[in-house]
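Biologist: I have this one open in the viewer and would like to go through it with you. Could we start with a single residue and work outwards?

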Amino acid sequence: MLSKHALKSNLKLYNLIDTHAHLDELQNFDSILDNARERGIVAIIAVGSDYQSNIKTLEISQKYPSFVFPALGLHPWQLGELNSSQVNGELEFIEQNITQAIAIGEIGLDYDKRVVKRASKEFQKEVLARLLELARKYDKPVSLHTRYAWRDALQLVQDADIGKAVFHWFTGFSSVLRDIINGGYYVSATPAAEYHEEHRRAVKETPMDKLLLETDCPVYYGRGTKYQSAPGDITRSLGAVAQLKGLDEATVAEQTTRNATVLFSLPSVIASPSPPVILTLTLSVTKRKGKNLKMLRTGSAKQSQSLLNPGRRSDDNNK
Ligand SMILES: [Zn+2]
């Protein structure tokens, strides 16, 4: 493993934005975020999955202002645990805290049979339509999970008249991808772009001005030996995209960071071309638990964990 000194002297650093990270699921995120800065990450879009996850995501973003930007969401995997009044509670929480959110996500559809068994396609579509309506009402971009539901997800996004969306970790059909691009929407590349056939094809087919980088951490990646990802692994996404596109990393970094800045309306200073300062910053550790949060009790976090297992934690979900 490289020491900090070796990192500073051997790695080329670019300004990078991790556009999709589950920071609320990471242990020791303080040291992980320090490492992310050392690798050149200048911003992280932290997505939420449900009530508990949204609260934690907001807390983390308050601890790291201008570095962690929160998105509030309701992941389709959580829907099997929720009745309709709990779904209403989830949506109310998102709306009550919408001014603090840079985007709505992670939201979407998942037609994997293990998920559909617990939450029907119709129920998923009904909830997604309501979340998209919120996004349209407050003019927020959306971060979408669309496994095996690519066409239906795009249809709902277009029906809701959504202007800004990213289809994260896209592995769907080329025909849907073409319509996503023509709709002005984005696709993001994970570290699976190093080896995952469908994802590599999607990245190749996406024009550079519609491509973002992400980690979807703490997903486990790799063929054979797997590793648990963190935002610092965005450099793997960067390297894979550069290789697939036949471009140098600097060009890919510059373009994808600019794209992310536009999609999420981030402060332009974040994407400024000046090289990042390579040192460990002293970060505020003031805990501001609950501040500005309107508490609203919905489903149980413990129950929700059971549905996390089918896919997000491993790249097998995109086979
Ligand atoms: Zn995710």
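**From one glutamate outwards**

Modeller: Let us begin with glutamate 90, which is found in helix H4, and keep in mind throughout that this is a predicted model.

Biologist: Is glutamate 90 buried or exposed?

Modeller: Glutamate 90 is buried, because 24 other C-beta atoms lie within 10 Å, and the cut-off for calling a residue buried is 20 or more.

Biologist: How far is it from aspartate 50 in sequence and in space?

Modeller: Glutamate 90 and aspartate 50 are 40 residues apart in sequence, while their C-alpha atoms are 6.9 Å apart in space.

Biologist: Which residues of helix H3 are buried, and what covers them?

Modeller: The buried residues of H3 are Tyr51, Ser53, Asn54, Ile55, Lys56, Thr57, Leu58, Ile60 and Ser61. Their cover includes helix H2 (29-38), strand S2 (41-47), strand S3 (68-72) and helix H4 (84-96).

Biologist: And what should the span of H3 be?

Modeller: H3 has 13 residues, 51-63, so at 1.5 Å a residue it should span 18 Å, and the 19 Å between its end C-alpha atoms agrees with that.

Biologist: Changing topic, how much of the chain can I trust, in terms of pLDDT?

Modeller: The mean pLDDT of the protein chain is 86, and 80% of its residues reach 70 or more. Over residues 1-10, however, pLDDT stays under 50, and the model has 4 contacts beyond four places in sequence for them. Residues 274-311 also stay under 50, and for these the model has 53 contacts beyond four places in sequence. Where pLDDT is low, the predicted coordinates should not be read in detail.

Biologist: Fine. How many helices and strands are there?

Modeller: The protein chain has 12 helices and 10 strands, and 48% of its 319 residues count as buried. Among contacts between residues at least 6 apart in sequence, 76% join residues at least 24 apart.

Biologist: Now helix packing. At what angle do H7 and H8 cross?

Modeller: The axes of helix H7 (residues 150-159) and helix H8 (residues 174-182) cross at roughly 20 degrees and come within 10 Å. The two helices are therefore roughly parallel to each other, since angles under 35 degrees count as such. Trp150, Arg151 and Leu154 of H7 make the contact with Val176, Asp179 and Ile180 of H8.

Biologist: Which hand is that crossing?

Modeller: H7 passes H8 in a left-handed crossing.

Biologist: What about H10 and H11, how are they arranged?

Modeller: H10 and H11 are roughly perpendicular to each other, because their axes cross at roughly 110 degrees and the range that counts as roughly perpendicular is 65 to 115. The axes of helix H10 (residues 234-245) and helix H11 (residues 249-263) come within 9 Å, and the crossing is right-handed. On the H10 side Leu238, Gly239, Val241, Ala242 and Lys245 take part, meeting Glu249, Val252 and Ala253 in H11.

Biologist: Which residues of H11 are buried?

Modeller: Val252, Ala253, Thr256, Thr257, Asn259, Ala260, Thr261 and Leu263 are buried in H11. What covers them includes strand S1 (16-21), S6, strand S7 (186-189), S8 and H10. Just after H11, serine 265 takes a positive phi of about 50 degrees.

Biologist: Which other residues have positive phi without being glycine?

Modeller: Two to look at are tyrosine 148, with phi near 55 degrees, and tryptophan 169, with phi near 45 degrees. Tyrosine 148 sits in the loop between strand S5 (142-145) and H7, whereas tryptophan 169 lies in the loop between strand S6 (165-168) and H8.

Biologist: Are those two buried, exposed or partly exposed, and why?

Modeller: Tyrosine 148 is partly exposed, because 18 other C-beta atoms lie within 10 Å, while tryptophan 169 counts as buried because it has 27 C-beta neighbours inside 10 Å.

Biologist: Last thing: where are cis peptide bonds found?

Modeller: A cis peptide bond joins glycine 105 and glutamate 106, with omega about 10 degrees, and glutamate 106 is found in strand S4 (residues 103-108). The peptide bond from cysteine 217 to proline 218 is also cis, with omega near 10 degrees, and proline 218 is found in the loop between strand S8 (211-213) and strand S9 (220-221).

Technical notes
Residues numbered from 1 in each chain as written. Predicted model: local features only at pLDDT ≥ 70, side-chain atom pairs only at ≥ 80, totals over all residues. Helix = DSSP H or I, 4+ residues; strand = E, 2+ residues; numbered from the N terminus. Expected span 1.5 Å × (residues − 1). Buried ≥ 20, exposed ≤ 12 C-beta atoms within 10 Å, placed from the backbone. Contact = placed C-beta atoms within 7 Å. pLDDT = per-residue confidence, 0-100. Axes fitted to C-alpha atoms, helices over the stretch in contact; angles between N-to-C directions. Parallel < 35°, antiparallel > 145°, perpendicular 65-115°, else oblique. Left-handed = near helix turned anticlockwise from the far one by under 90°.
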